[in-house]
Amino acid sequence: MSKIRTTEEICLLCKINKSDKKGSHYTPAGITKRVIGERDKEELYTICSHEAETSTYYGRSNLSNKDPEIRKPPHVDDYIFCTECEKRLGIIESECNNPLIVLTDALAAGKLTISKTKNGNKYYSFSSPNRNIIIIYFYSIIWRQCLQQELEIGSVFISKVFQEQLREIIHTEISKPIMEIEKSKDFENYPPLIILTTYHKGDSTTNFITPHPTPSNPQLFFIGTYINLIKHSEQASVDFETKTGFPSTLLEKDLVINFWHEGLIGIVNEGVWNNVITKLAKLETEKFLHNMATRLSIAKRLPYEDSRWQLHLCAENLKSKYPNNYVKCLQLSLEHLLR
Ligand SMILES: [Zn+2]
């Protein structure tokens, strides 16, 4: 359960002003609204642990579903930032939100010129929005997703030291005029970032808004139609591929936006994207099922395996009613079995 913050606390970004701003987004609505609103056949799977009582996971999927419970925005909080920081974040967001949506649309429509790195990875390069603005935009979302995790479940994904480093970079940069951020030479020395997207052509593409629950280096952050890979310490994960589902050949210098002279976004095919998404979904569904089975087993004094089996059977029966929402089936099953 997240702690309720007040206006009397200090802004978590500048650490100077009082946190007087209401309705701050952890992940900007501008980057996810297209996914949720217009591509009604896609699924948006939000991991929102604070909503579940005892589980560490709360999933909502299939937003085309008319269930009001599913449509409640889960990425907003009051009194985390001050008005000034919120305004400055808004300036960066207004530079990036729309162009990034236009870009994925153009990619899907086959309107972009795609190049290849030496390793054969596909990418798209662009001059607007400016490279540094894009980097600071995604840093701010990565940092805010970490903050959300910390406030909501108290867990820290990447080290406190790294989070603080990111906070300082974001605060320093967004305090400058746009022109000055654009001209800065510091970005080559900031944490290496790889931004990935896919074609998003069919209705089979699923997107998440969350840090990847498995720690890795680089760490994955799901930002709607984009996935960010940020290097947060020296030693890269040797088992990166097993952990994430992404081929380790993606981890090449040529895809790191910081080392490129302009904007750079790596493109993976839908198969690779879905592989990563499916891996995460399975992992989370398993955690969710485990937590529910534990709850049922305690409440009904049943052996754990029996509880798990009952939940599974009950959820299977509901599958035809909620075909794309297994988590919902599990939740309804638990409610039913606890009666
Ligand atoms: Zn502030």
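Start by selecting Q163, which sits in helix α5 (residues 160–174); helices here are DSSP runs of H or I with at least four residues, strands are E runs of at least two, and both are numbered from the N terminus. Before going on, note that this is a predicted model, in which local features need pLDDT of at least 70, side-chain atom pairs count only at pLDDT 80 or more, and totals for chains, interfaces and linings use all residues. Residues are numbered from 1 along each chain as its sequence is written.

**Around Q163**

Is Q163 buried or partly exposed? It counts as partly exposed, because it has 18 C-beta neighbours inside 10 Å. (With C-beta atoms placed from the backbone, a residue is buried if 20 or more others lie within 10 Å of its own, exposed if 12 or fewer, and partly exposed in between.) Now add W143, C146 and I158 to your selection: Q163 touches these, leaving aside residues up to four places away in sequence. Contact means that two C-beta atoms, placed from the backbone, lie within 7 Å. Then try a distance label from Q163 to R144: their C-alpha atoms are separated by 9.6 Å, with their positions 19 residues apart along the chain.

**Helix α3**

Next, select residues 83–108, helix α3. Its 26 residues should span 38 Å at 1.5 Å a residue, and the end C-alpha atoms are 37 Å apart, so the two agree; the expected span is 1.5 Å times one less than the number of residues. Centre the view on E93 to find a kink of about 35°, where the bend is the angle between axes fitted to the seven residues ending there and the seven starting there. Buried residues of α3 include C85, L89, I92, C96 and L100. Just follow the chain out of α3 to G110, whose phi is positive, near 70°.

**Helices α8 and α9**

Show residues 270–300 (α8) with residues 304–318 (α9): they pack at about 115°, their axes 8 Å apart. Axes are lines fitted to C-alpha atoms, for helices over the stretch in contact, and angles run from 0 to 180 degrees between N-to-C directions. To see the contact, pick L289, M292, A293, T294, L296, S297 and K300 of α8, plus Y304, S307, R308 and L311 of α9.

**Helix α10 and the whole chain**

Move on to α10, residues 326–338. Its buried residues include V327, C329, L330 and L334. Finally, zoom out: the protein chain has 10 helices and 11 strands, and buried residues make up 42% of its 339 residues.
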